[in-house]
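User: Please take a close look at one part of this model for me, the place where the two chains meet, and then set that part in the context of each chain. I am a first-year student, so a connected explanation would help me.

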Amino acid sequence: MSASSLLAVDSLWELFSRAISLRDYNTRVVLAGTTMLGISGGLVGTFLVLRKRALAADVVSHAALPGIAVAFLLAERLAPGSGRSTGVLLLGAFVSGLLGMAMTLAIRRWTRIKEDAALAIVLGLFFGLGMALFTVVQRTKTGNAAGLSHFIFGKTASLVAADVWLIGGISVVVALLCCGVFKEFSLLCFDEEFAAARGYRTTFLDGLLTLLAVTVTLIGLQSVGLLLVVALLLIPPTAARFWSNDLKVMSGLAAVIGGASCAVGVVLSASFPRLAAGPVIVLTGSGLFVVSLVFGKERGLWPRWRSQRQFEQRIGRSDLLRACYELLEPILGPDQTTQDSLTKSEIDEFELSAMRQWPSGRFHGLVSMAVGEGLLSSTSTDGYRLTWRGAEEARDAVRRHRLWEIYLLTQTDLDPRLVDRGADGIEHVLDPQQLAELERQLATQLPQGIPPSPHPIAGAVN
Amino acid sequence: MSTPLVVDHEAMLEPVPQPVVRQTAPAKSPLLIEDVTVAYHHRPVLWNIDYQAPCGKLIAIIGPNGSGKTTLIKAILDLVPRAAGQVLIFGEPYGQQRHRVGYVPQRTSVDWDFPVSALDVVAMGMYRKIGWLRPVSRKYRDAAKQALDRVGMVDFASRQISQLSGGQQQRVFLARALVQNADLYFMDEPFAGVDAATERAIVDILRQLRESGKTVIVVHHDLQTVHEYFDEVVLLNMRLIATGPTADVFTPDNLRKTYGGKLALLDQLGEKMAQPRSR
C-alpha cells in the first residue's frame, strides 16, 4: 500500500472523527439544525400523509425552483452580490412554491381535471420553467459560483452557521405549532365534515397544515435538495405507521425517524466531503422504512405473518386432537371417553389421517408438532397415544365443536350437513365466557359432559 | 340574571311601555327550516323546503336515493351552501347554537384505517369544549368512557377503530355525538349495514334521548321499521312531499308520491338545468 493512500485513509478517519465528536462548530450547528428539520418534517408529514396530501409537497418543492432563479436574478440586478443570500432565495422559493400550490387548487376547483393530473401538470410546468431559468443563471458572471445547484441536490456542507440558525429556528416553530394544534389537525384528517359541523374553519386548518408543509419543504431544500425533500415528509410517518396504531406514538416515532435520518446524513456527509447529504438522509430514512415494513409491531409483514401462522397452528392442533377423540369414541363407546381411557388407547396413524382431508405434509407437520408439545406420544408400533394433557385438550375441543354445532342446529335453519363446516370456523374463536353462555342456552337439551355428535362423523364410519 | 333588576329600576323612574316579547312557537322549535333551496353545480337538489320540527320527538327523514336527505342535513349544519332560505335552531342560526346540536355523519364518510382508538374518536366530540392548545384531560377521557358505556362499547375503548365491526364503528360515532350532551341530534343513516345488536342499542339510545326531551332527526332507509321507531316522518324527494306524525303521514299514498314516478317533470327540469355544464 502506497504512502499516499494511507494518508487518504488517515485524513478520512480524521474527518469522520471530527464529525462524530462534533469538534467543528459548523458541523455541530449543521447537525443540530438539520436534525431539528427532520423532526419537524416527521411531525408535519404525519398529518400530511393522513390527510392524503403527500404529493402536494412534491409539487411545492419543484415549484420552488423558478422562484429561486428569479429571486437570484432580481437580487443580482438590484444589488450585485446579494443573490446568494439564503433569505432572498428562500423568499423566492416560498412565493413560487405557494403559487404552484394555488394553481393546483385552482385547477382542481374550476376544471374537471382530477387532482393527480393537476399536480403533475403544475409540477412539470414549474420545474421546466425553473430549469430554463437556471440556464440563464449559469450564464451570469456570479451564477455559476452561487451554489444554486445545491437547491436541486442538497448539500449540508455548503450551509453556513447563519443559514442553519434560520432553518433550525423555523423548524422549532413548525414543530411547536404542530404539537399545539395536534387535536385539531387529527380531527381535520379523520373527519373534516364533523370538524366543520363543530364550528372549526376547516379551510383555515387546511391552510395552516399546507403552510407548515410548504415551510418544511422550503427550508429543507438546501440540505436535502428539491428532488428528495419530499421524502423528508413522507418516509418517516409511513415507516412509523407500521409500529403503532396510536397517532401520538406514530407522530413521535416519525419525528425520531426523521431526526435520526438527518443526523446520520449530516455526519456521513461531513466525513466524506464528496458525499451529498440529501441522498444519505433519504437512504437512511428508506433503510428505516424497510426495517419498519418488515418488523413493525402493528402492521409489519413479519409480525402479521407470524400471528396468522400461530392462528392456523392453533386451529390445526385442535382439529387434530378432535380427530383423535372422534376416532376413539366409537371404539371406547360413547360414555367411556374419560380422560383416563383416552390416554390408554392406541391411535393408528393411517386411520387418524383419514379422519380429515389433510394434505399429507400438513398432517405430518401437525402430528410432529403435537408430539413436540407433549400432546401425543408415539408408541413402539408406529402409532400414537394421547397424553394426559392431550386428552384433556381433545375433550375441550370436541365439547366446543359440538356445543356450537348443536347451537347452530337448534337456533338457525342451517342444513345439518353444513353445520359441521360452519362450526369448524367459529369454534376456534369461542372464548370461555361465550362457551358458558352457550351451555346456559342449551342447558335443557344437553346431557352432562361431552354431547354426542349431532351428525355422523365422516372418517369414523368406515 | 341582572337584566330584570335594571328593567325594574327604570320602570320605577319612568313607566315605559311593556316591551313586546315575541314568544312565538317557531322561536322555541328545535329546528325551523324556511324556504331552503340547495343546488350543486347549478343543479337544484332541494327545492323550497319548509319544515318546523316538534320538540322531543324522534323524526325520520325518508326518501329514495338521491332525494336530498343527506344534503338537507348538511344544509342545516352549514356544510353545504344554501342557494336560498334560512334555518333556525332553537330560534337562532346554527353558528350560535352548535353546542346544542349533535351530528352523526354516515359511517362510510371517513377512513376507518386511521391511527386512533375508539376513545380518541369519542373525545373528538369535545374538542371544541376543551379548546385550542389543550390536551384531552382526564375529565374528558372519563366523559368519553361514559358515552362509550352508554352504547355498550366501553370494553373497546382502547381498540383501534379499524379493528371494530361496522356496527361497533357506528356506535362509536353515536357516542361521539352523545358526549356533547346536545338537545338536537342529526344522524345520517345510523342503521345502515349494522348488526342486530347495534340496531337494538341505537334504538334504545334514541328512546332514552326522547325521554330526556331531546329531538332526534334521523335519515332512515328501512321503511319496515319506520312505524316502530319514529314519531314523525319527513317524506322527501327533492321537495317536501309530506310531514307530520307517522300514523297520519306514513301512508301508501304518500309513499307512492315520494318514491313513485310522479315527479318526472321535476327530474326533467333538473336535468335540463344541468346540461349546459356537462358539455
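Analyst: Two residues are said to be in contact when heavy atoms of theirs lie within 4.5 Å of each other. Please keep in mind throughout that this is a predicted model.

With that meaning of contact, the place where the chains meet draws 27 residues from chain A and 33 residues from chain B. The size of an interface is often given as the accessible area lost when the parts come together. For chain A and chain B, the area buried between them is about 2,700 Å², and carbon and sulfur atoms account for 59% of it. On the side of chain A, A:K183, A:F190 and A:R198 provide 30% of the area that this chain buries against chain B, which is more than any other three residues supply.

Charged and polar groups also meet here. The rule finds five salt bridges across the interface of chain A and chain B. A salt bridge joins B:K74 to A:E193, with 3.1 Å between the closest N and O atoms. Counting polar contacts between the two chains gives 15 residue pairs, where both residues have pLDDT 80 or more. As for the elements of chain A that touch chain B, those giving two or more residues are helix 8 (182-190), helix 9 (192-197), helix 10 (202-219) and helix 13 (247-271). Helix 8 of chain A gives six residues, the largest share of that side. Sorted by class, the side of chain A that touches chain B consists of 13 nonpolar, four polar and 10 charged residues.

Turning from the interface to chain A as a whole, we find 22 helices and three strands, and buried residues make up 48% of its 462 residues. Chain A is divided into domain 1, covering 24-230, and domain 2, covering 305-445, and the centres of these two domains, taken over C-alpha atoms, are separated by 62 Å. Among the contacts in chain A between residues at least 6 apart in sequence, 72% join residues at least 24 apart. One residue worth locating in this chain is A:P451, which sits in the loop between helix 21 (432-442) and helix 22 (458-461). Because its relative accessibility is 2%, A:P451 counts as buried, the cut-off being under 20%. From A:P451 to A:L375 the separation is 76 residues in sequence and, C-alpha to C-alpha, 23 Å in space.

Chain B, the partner in the interface, has 13 helices and nine strands, and 49% of its 279 residues count as buried. Among its contacts between residues at least 6 apart in sequence, 68% join residues at least 24 apart.

Two residues of chain B can be introduced through their backbone angles. B:N48, found in strand 2 (residues 43-53) of chain B, has a positive phi of about 40° although it is not a glycine. B:D78 is likewise not a glycine and has a positive phi, here of about 60°, and its place is the loop between helix 3 (69-76) and strand 4 (84-88) of chain B. B:N48 counts as partly exposed because its relative accessibility is 43%, and B:D78 counts as partly exposed because its relative accessibility is 40%.

Two serines of chain B can be described through their surroundings. B:S67 lies in the loop between strand 3 (58-62) and helix 3 of chain B, and it is buried, with a relative accessible area of 1%. A polar atom of its side chain lies 2.6 Å from the backbone oxygen of B:P64. If neighbours within four places in sequence are left aside, B:S67 is in contact with B:V45, B:L46, B:L236, B:N237 and B:M238. The other serine, B:S117, is found in the loop between strand 5 (101-104) and helix 5 (118-123) of chain B. B:S117 is buried too, since its relative accessible area is 12%, and, not counting residues up to four places away in sequence, it touches B:A157, B:S158, B:R159, B:Q160 and B:I161.

Terms used
Residues numbered from 1 in each chain as written. Chains lettered and ligands numbered in written order. Predicted model: local features only at pLDDT ≥ 70, side-chain atom pairs only at ≥ 80, totals over all residues. Heavy atoms only, no water. Buried area = accessible area lost by both parts, 1.4 Å probe. Salt bridge = Lys/Arg side-chain N within 4 Å of Asp/Glu carboxyl O. Polar contact = N/O pair within 3.5 Å; in protein donor to acceptor, adjacent residues only side chain to side chain. Helix = DSSP H or I, 4+ residues; strand = E, 2+ residues; numbered from the N terminus. Nonpolar A, V, L, I, M, F, W, Y, C, P; charged D, E, K, R; others polar. Domains from an automatic or database assignment. Buried < 20%, exposed > 50% of the residue type's maximum accessible area, 1.4 Å probe, protein only.
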